[in-house]
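Visitor: Please choose one side chain here and look at it closely, and then work outward from it to the other parts that deserve a comment. I would like each term to come with its cut-offs.

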Amino acid sequence: MSSSGYLRGRRIALCVGGGIAAYKTADLTRELMRAGATVRIAMTPAAREFITPLTLQSLSGHPVFTDPFDPAQDSSFGHLHLPRWADAFVIAPATADLLARIRAGMGNDAVTTALLAFRGPVLLAPAMNTAMWENPVTKANVAALLADRRFRMVGPDVGPLADGDVGAGRLAELPKIVAAAAALAEAGPLAGKRVLLTAGPTREHLDPVRYLSNPSSGKMGLALADAARARGAHVTVVLGPVSEPVPDGLEVVRVVSADEMHAAVMQRLDGVDVFLACAAVSDFKPAQRAAQKVKKDAAPAQLELVRNPDILLEASAKLQGRALIIGFAAESEEVLAHAQKKLAAKKLDFIVANDTRAFEASTNAVTVLGKDGSVKELQGEKRDLAAKIWETVCR
Ligand code: C5P
């Protein structure tokens with residue numbers, strides 16, 4: 001694989017610890033960016049003794065998170081923003097002290113508070129004096145962290161150290177750290193897969209200004225799309241009219257009506273590995289659409305409606321045996337019973353059942369039903385929930 005571009009679209013939180021190798025994170029920032037990543041940085045107080053936040057801010061192009069007690073920092077890019085934004089954390093240099101604090105679950109500086117709130121993969125790049133590295137306490141801390149599969153390690157390398165010793169403790173060579181950061185996402189089940197997803201509502205126009213629709217915000221679908229991208233998938237979203245901001249790194253096809261959504265999906269089924277229908281498609285459309293705005297006194301007392309195509313049903317028939325097929329079921333009563341029926345009728349691998357009241361909310365509680373009879377209840381912020389849904393269906 002060429003070294004350029006293989007972190008394209010990835011968001012990396014680079015956390016800098018306080019050791020002499022911290023000076024190398026200036027170059028590491030550039031190398032990660034050269035490989036295509038967007039990099040945001042957090043620093044421990046000790047790291048700032050070795051390299052300034054201004055250096056790393058200038059190189060990364062983003063303010064550096066150094067102080068969870070600074071209201072300006074914390075409210076805009078601090079300890080909850082960084083973990084929500086990042087696809088992966090890279091800790092370099094991971095000093096003995098920082099490893100100990102991470103292992104203990106402490107949150108006493110910018111790095112550890114942000115890391116505590118992160119659910120994704122973490123790459124540790126230790127660097128320290130050999131005796132510190134070989135200290136049984138450090139060894140135990142590293143072993144305990146690596147027992148959690150979210151944590152990976154690169155290095156430390158063996159060689160001359162800043163203190164004149166020769167031994168284990170050098171920060172791994174930067175290309176090795178970049179490759180290991182890329183491997184964090186590439187190890188996952190969605191890496192390199194093509195994911196096609198529908199999201200948002202559809203609008204079924206009666207005339208140029210009036211339409212039938214529903215309050216779907218597109219939040220859940222966009223969160224699922226972003227979470228798949230973060231796991232290395234190439235994601236296409238066929239998106240109904242929503243005001244929700246669209247995350248970077250997705251291929252987006254904007255549509256308005258169910259017919260347009262149907263056409264956009266059918267044209268894109270070739271080579272799809274996962275099809276996920278999250279859109280709240282209008283089941284009906286007006287039998288006629290007036291070219292001009294209908295005058296009040298000319299409006300019919302009753303609307304004639306016709307059925308829209310069932311996009312998921314058709315896509316599922318075409319993709320059987322070739323792709324993982326996932327639907328949503330938004331119900332206002334007997335949620336699970338209805339979802340179970342749709343799982344079978346539309347020949348899905350999974351259906352994600354939720355209550356229609358979740359449409360506009362930023363949190364949700366869902367039940368994921370599998371065709372193998374599996375049942376998993378999940379809840380949370382839509383962004384966290386998206387990660388949990390992918391974990392469940394990729395198992
Ligand atoms: O049958 P029901 O509309 O409740 O099924 C919901 C699932 O089917 C959702 O995944 C939704 O995106 C999808 N669907 C569709 N086309 C329709 C109606 C629903 O793709 N016309």
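Guide: The side chain of Thr 113 reaches the backbone oxygen of Ala 110 at 3.1 Å, which is a polar contact in the sense used here (a pair of N or O atoms within 3.5 Å; within protein, one must be able to donate a hydrogen and the other to accept it, and residues adjacent in sequence count only if both atoms are side-chain atoms). The model is a predicted one, in which local features need pLDDT of at least 70 and side-chain atom pairs count only at pLDDT 80 or more, whereas totals for chains, interfaces and linings use all residues. Residues are numbered from 1 along each chain as its sequence is written, and side-chain values use heavy atoms, with hydrogens and water left out.

Thr 113 belongs to helix H6, residues 110-116, where helices (H or I, at least four residues) and strands (E, at least two) are DSSP runs numbered from the N terminus. With a relative accessibility of 13%, Thr 113 counts as buried, a word that means under 20% relative accessible area, against over 50% for exposed and partly exposed in between (1.4 Å probe, protein chains only). Leaving aside residues up to four places away in sequence, Thr 113 touches Phe 65, Pro 68, His 79, Gly 107 and Asn 108; contact here means heavy atoms within 4.5 Å.

Another threonine, Thr 138, lies in helix H8, residues 136-146, and counts as buried at 6% relative accessibility. Beyond residues up to four places away in sequence, its contacts are with Ala 96, Leu 99, Met 128, Met 132 and Trp 133. Thr 138, Asn 141, Val 142 and Leu 145 are the buried residues of H8. They cover an arc of only 95 degrees around the axis, which puts them on the same side of H8, the arc being that of the directions from the helix axis to the C-beta atoms. In general, an α-helix has 3.6 residues a turn, so residues three or four places apart point the same way. The cover over the buried residues of H8 includes helix H5 (96-104), strand E4 (122-126), helix H7 (130-134) and strand E5 (151-153). At the N-terminal end of H8, Asn 135 acts as a cap, with a side-chain oxygen 2.8 Å from the backbone nitrogen of Val 137.

Helix H1 (residues 25-34) can be read in a similar way, its buried residues being Thr 25, Ala 26, Leu 28, Thr 29 and Leu 32. Seen down the axis of H1, these fall within an arc of 165 degrees, so they line one face of the helix. Just after H1, Gly 36 takes a positive phi of about 110 degrees.

Outside the helices, Leu 161 sits in the loop between strand E6 (157-160) and strand E7 (166-170), and at 12% relative accessibility Leu 161 counts as buried. Although Leu 161 and Ala 127 are 34 residues apart in sequence, their C-alpha atoms are 9.4 Å apart in space. Among the residues that Leu 161 touches are Met 128, Asn 129, Thr 130 and Arg 170.

The ligand site draws on other parts of the chain: the residues around the ligand, meaning those with a heavy atom within 4 Å of it, include Ala 277, Asp 283, Phe 328, Lys 342 and Lys 346. A polar backbone atom of Ala 279 is 2.6 Å from an oxygen atom of the ligand. A polar side-chain atom of Lys 342 lies 2.2 Å from a ligand oxygen, and an N or O atom in the side chain of Lys 346 is 3.0 Å from an oxygen atom of the ligand. Taken alone the ligand exposes 450 Å², of which the protein buries 86%; accessible areas come from the Shrake-Rupley method with a 1.4 Å probe, and for residues only the protein chains shown count as cover.

As for cysteines, the structure holds 0 disulfides, a disulfide being a pair of cysteine sulfur atoms within 2.5 Å. The sulfur of Cys 278 is 15 Å from the closest cysteine sulfur, in Cys 394, which is too far for a bond. Cys 278 is buried at 12% relative accessible area, whereas Cys 394 is partly exposed at 24%.

For the setting as a whole, the protein comes to 14 helices and 19 strands, and buried residues make up 50% of its 395 residues.
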